[in-house]
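Reader: Please take one part of this model and look at it closely. Then work outward and show me how the rest fits around it. Keep it brisk.

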Amino acid sequence: MMSHSQHALILGGTHVDGIDATWHPDGYRFAVAADGLEFGSAEAVESVVRAFAEDGSVARIEGHDNAETTFRLLIEGQDHTALNRGEAAFRRLLPDGYGGTTDLVERPPDGHAPASVRTILTGSFAQEYDDEALLRCERVYTVTLTHLPFVRSEFETVAPVLPAPSPQTVTIDSCESTAGWAASPGAAPVAVSTSGGALHFSAEAASTTPGGFRAWNITRTSAPLDLTGTPFIAIEAKFPVAWGAATRMFLRVAGAFKGSVSQEGVSDGYTRLTFYAADLDGSATMRILADQNDAGTGAGTLSIRSIEAATSPESRQGARVIEVGGTERTPGSLHIAARDGASPLGLVVAHTSPDAGVDHNPDLARWVTDGPGFVRDITAPMGGYREMEESATSVIRCRVPAASLPTSTYQIALLVRPYFDGRAGFGWMAGTSARPDSDVATSYDSGEVWVDLVEGRDALVAVGTTTLPTAVTAAGSTVISISKHSGGVVRVRGMWLFQTGRDCGLTAVSTDEPNLWIDTATASESALILTGEAADQSDAYAPSGTDVFAATPHIFRAGKVAAYVVTSEVDHPASEFRHHRRWPYNAADDGTDQ
């Protein structure tokens, strides 16, 4: 037996060693010999990338092969019939690769450290013939278990992605006083006033920024902000009609202006813009940049009626971070649900990508510089829609800062609601300019796509795939234009630039149910998409093929994974990621601590 009574091995729920490896009613018991126990190591699968230097190369670990664990098993019996029954019972514990997997649980000898669990794929054993052992009613076997390369924690970890229920908010400014506020379009100050429960910033014109936009710089000075537990700032603003469709707002965070992670039309012409602003915690100054395309004069009145700190954005689309525990990548299940437990989700888009720390957000609508007018609609994921028709002038143009795009392949995607039945054609062009204020790129990529649409039914259109940036630039911008050249009128209700490179996944499913599960592939099971009414999956089913618009694998490496979730019919769905934390050889926790 192993050298310490607290050191236990449990195979398929049966104690094969340790203090609980007691006599079975059929007259046998198991024990593992102290010598010969070897937990196998995972062998890395590497690919070699040719280096730019003449000598040397770069190797990348693409994955790991299975590992093998071996040990010597002793079966003791009260008689030889009991020995035979013990052998048969042990054989039933070994998977053959056809009927699923089983677990080998190792409990450390101190009785307190976390258990390490190996997922066994196949198992075999061979008898070591020993005449003297048989006289003692004992048999010894060499056992070989093939298992996944890493151990996992004993219990499942549930990591929230989007909190539920509704986000909690704390009022920063009720916008009923001008105290602490100032704004300027350049040399001349902007008039600041208050009425009707809102602040109003009025000016005849605004200065032109290096990016070709006319901008107002708005500053609020107050007591230091307390954003503990509420790292998002939500601003409800109404922009001057004369500013047109290219209106944008930024929040200055950590020395840089950040775009909103979500925007949503609310009421009375106001839009709720939400920013991730954790770095402003403790700051006494908040700076806002509001700008418009240089086609206008910058004149008009900008109104702000509330500023709140929030636990998260409240929107039909939003970017979050999933915390994946352990040290190795792991399969898991992403659950997206209507927070009232009943409303149909509609079209669900779930995108995951490595958290590269460059503040990349797939929302393309915030970078629009020109195109059909923006009509506010609180039911649309991007807070409104742009109507496109078959016309040479029906083109949407975007200018994305190159610094916000990790070098990768990208999928340009639109959420459209057609007002006709039939076939529609879309064209696209993407290129990178060395200048942030220029639409003239040094190199372009382009393409077109045709899709069949059903009147009134939202559809996710994969317009095109390209590698961005198309040129190396530190301070330039990527210019993207999308056109419609055939078919009737469609309303564009969402626009995205999804990263599709290494470790990126994209799922798009239409469902009339309040729950959706996206299960990643495991060693024994393929990836699976399920939907249903009950949150416990008791009535879950796979959606029909016509309801699945995209299904590329999601990869969850240990650490932070960026997640972006869109739901066309419900605000701010609840989301969580269930997984087992994975470790090299020994689990550092049991998976339950958060």
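**Cysteines, then outward**

Author: Start with C504. Its relative accessibility is 10%. The cut-off for a buried residue is under 20%, so C504 counts as buried. Keep in mind that this is a predicted model. C398 is buried too, with a relative accessible area of 1%. Do any cysteines pair up, and how many disulfides are there? The count comes to zero. A disulfide would need two cysteine sulfur atoms within 2.5 Å.

Now step back to the whole chain. It has 594 residues, and buried ones make up 50% of them. The chain holds two helices and 44 strands. Contacts reach across the sequence. Take those between residues at least 6 apart: 77% of them join residues at least 24 apart.

A309 gives a concrete case. This alanine sits in strand 24, which covers residues 300-310. Is A309 buried or exposed? A309 has a relative accessible area of 1%, so it is buried. T169 lies 140 residues away from A309 along the chain, yet their C-alpha atoms are separated by 5.4 Å. T169 is also on the contact list of A309. Leaving out residues up to four places away in sequence, that list reads Q168, T169, V170, I172, L227, T230 and F232.

Next, strand 32, residues 408-418. Nine of its eleven residues are buried, so the rest of the structure largely encloses this strand. Which strands pair with it? One is strand 35 (residues 459-468), antiparallel, over nine bridges. Here S408 stands opposite L468. Another is strand 37 (residues 490-499), also antiparallel and also over nine bridges. There Q411 stands opposite F498. In general, strands of a sheet pair through backbone hydrogen bonds, either parallel or antiparallel.

Now an open sheet. It has five strands, in the order 25-42-27-38-41, and the pairing is antiparallel. Strand 25 (317-324) and strand 41 (548-551) are the edges, and each pairs on one side only. Neighbouring strands of this sheet are turned by 20° against each other on average, direction ignored. Look inside the sheet at strand 27 (residues 346-354) and strand 42 (residues 559-567). Seven bridges join them, and they run antiparallel. One bridge links A350 to V565 of strand 42.

Last, helix 1, residues 80-92. Check its length first. At 1.5 Å a residue, its 13 residues should span 18 Å. The C-alpha atoms at its ends are 19 Å apart, which agrees. Which residues of helix 1 are buried? They are A82, L83, G86, A89 and F90. Viewed down the axis of helix 1, these buried residues fall within an arc of 125°, so they line one face. The spacing rule is a general one: an α-helix has 3.6 residues a turn, so residues three or four places apart point the same way. What covers the buried residues of helix 1? The cover includes strand 1 (8-11), strand 2 (14-17) and strand 3 (28-32). It also includes strand 6 (67-77), strand 8 (116-128) and strand 9 (138-147).

Technical notes
Residues are numbered from 1 along each chain as its sequence is written. This is a predicted model: local features need pLDDT of at least 70, side-chain atom pairs count only at pLDDT 80 or more; totals for chains, interfaces and linings use all residues. Side-chain values use heavy atoms; hydrogens and water are left out. Two strands pair if DSSP finds at least two bridges between them. Helices (H or I, at least four residues) and strands (E, at least two) are DSSP runs, numbered from the N terminus. Axes are lines fitted to C-alpha atoms, for helices over the stretch in contact, and angles run from 0 to 180 degrees between N-to-C directions. Buried means under 20% relative accessible area, exposed over 50%, partly exposed in between (1.4 Å probe, protein chains only). The expected span of a helix is 1.5 Å times one less than its number of residues. The arc is that of the directions from the helix axis to the C-beta atoms. Contact means heavy atoms within 4.5 Å.
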